[in-house]
Amino acid sequence: MKPRRLSIRAGLAVLATTALISGAAWHSLAASTTPHSVVNTQQHVAAGQSASQQPAVTGQSRIPGGRDSYADVVKAVAPAVVTIRVEGKAKVAPTQFEGGDDFFRRFFGDEGDDNPRGRRQRVVPRSYRQRGLGSGVVVTSDGYILTNNHVVDGADAIHIDLADGRTLEAKVIGTDKPSDLALIKVNTTGLQAASLGNSDNAQVGDLVLAIGNPLGVGQTVTMGIVSAKGRSTGSGDAEGGRTYQDFLQTDAPINHGNSGGALVNTKGEVIGINAEMLSPVDANIGIGFAIPSNMARRVMDDLRKDGRVRRAQLGVEVQPVTSDLASSLGLKHVGGAIISKVSPDSAADRAGLKRGDVIESFNGQAVTDFNSLRNHVAETQPGTNATVGIVRDGAEKTISVKLDEAEVGARSSRSGDEPASTDKGALGIGVERNEKGLVVTTVNPDSRAADAGLQEGDVILEVNRQPVKTVDELRAAVRKTTDRPALLLVEREGHSLFFTVKPAA
């Protein structure tokens, strides 16, 4: 199943749906609801009296207005959730038609057709208007609206349908593809703005409402719970492959068109901007994702101030610490992020961080995996000093790091290989030497190396923290490891990664 972003796009005669969702809010509009129980109005028959002689049951015995409802929450937030309609141009390239399909020729033409004057005429690609539908959240009374980047990406015109029936044109203030957020604005005042809550306070099991315009049917409210926190779907190919995801997962039904809508708690606070759904059938199955309000708030502030988002960078490549990695390194706990590469002259390099260090905390916040580390660093302002808690060779250390500013760039590629001798080792791989290490040329699918995840093209640099340059060194290092998994440092497409290979049976 692949994550799907929730929006609706349509051409001239063809309706194409894509997944887009959104939501956000700032000001405090907290509303509470107290379910009331209904008083039992049954009257009992007294001895010696008939039922007809008993007093009539009246509505005065009920609590006025008592109901189990979240209507007050919806009334507080719904006016701040808007529908976003976008338009853009899409080109249709000339197509080579076979068999004389007259229907398609009438609409698109063909380079092989003769015009009425007998001359062959080249067909110019035609364009049509592409339309999209999403949602957004009013975050200030003077017209700032938070939504998803993918809702407005590539739009030539953006129109906002307000709760009072007006439709206004909006302009883009700024977009941030790595977080899939965008800030747009309409030229008006006096709007009802939503309150942006503290998403860190949300807990798994909390009841939430999702508000947006799914499938263009109109504003819709659905209910569910927070199913999980700190999710990363790996979707959204931002420039350089860098994305920042820390999703709240919910089972509140969200569908195409909900993108940019609000995920609301029972206090009437927006705690998330709906962004994606996970489904094999292109429709809600109860797995949806929202961008936490705390992330949205910071991105919005940067976009409003500078039109772009500034993020810090540590300058390391990391991977999660698995049970096998923890065993190989002699760690007491599974978790954290192990440094597989330190970029030269980076903040980490200047601070003295090293390959093999296990990062367990950043500025006092626990690092559970590489995704949490990436988000902790990105939330910090460039140029500030941060503290990094690590484990190095079994000893705990705290290192101070002055953070750089992140730059989005392309990933580097692996250098070319230099053929040399090939040998089948105990790992079940064939290798060739090059200037960096040993290049994996073949992998036996039934081998320990395949089970560990090694692939053709990987370059083995180290075994158990020791460099290996020859096949004999590789074989000897692996054979020495009999009581725990062997720790291999591998370069793959310019990135350094640790792998653990279990001992031979």
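This passage looks at helix 9, strand 17 and Asn149 in a predicted model. Local features were considered at pLDDT of at least 70 and side-chain atom pairs only at pLDDT 80 or more, while totals for chains, interfaces and linings use all residues. Residues are numbered from 1 along each chain as its sequence is written, and side-chain values use heavy atoms, with hydrogens and water left out.

Let us begin with helix 9, which spans residues 471–480 (helices, H or I with at least four residues, and strands, E with at least two, are DSSP runs numbered from the N terminus). Val471, Leu474, Arg475, Ala477 and Val478 are buried here (under 20% relative accessible area; exposed is over 50% and partly exposed in between, with a 1.4 Å probe and protein chains only). These buried residues line one face of the helix, because they fall within an arc of 165° when seen down its axis, the arc being that of the directions from the helix axis to the C-beta atoms. Asp472, Arg479 and Lys480 are exposed on the face turned away from that buried side. At the N-terminal end, Thr470 acts as a cap, with a side-chain oxygen 3.1 Å from the backbone nitrogen of Glu473.

Strand 17 (residues 316–320) offers two faces: Glu317 and Gln319 are on the covered one, and Val316, Val318 and Pro320 on the uncovered one. It runs antiparallel to strand 18 (residues 337–342), joined by 5 bridges (pairing requires at least two DSSP bridges). Within this pair, Gln319 stands opposite Ile338.

Finally, Asn149 belongs to helix 3 (residues 149–152) and counts as buried because its relative accessibility is 5%. Beyond neighbours within four places in sequence, Asn149 contacts Thr175, Asp176, Lys177, Asp180, Leu181 and Ala182 (heavy atoms within 4.5 Å).

Definitions and conventions:
A polar contact is a pair of N or O atoms within 3.5 Å; within protein, one must be able to donate a hydrogen and the other to accept it, and residues adjacent in sequence count only if both atoms are side-chain atoms.
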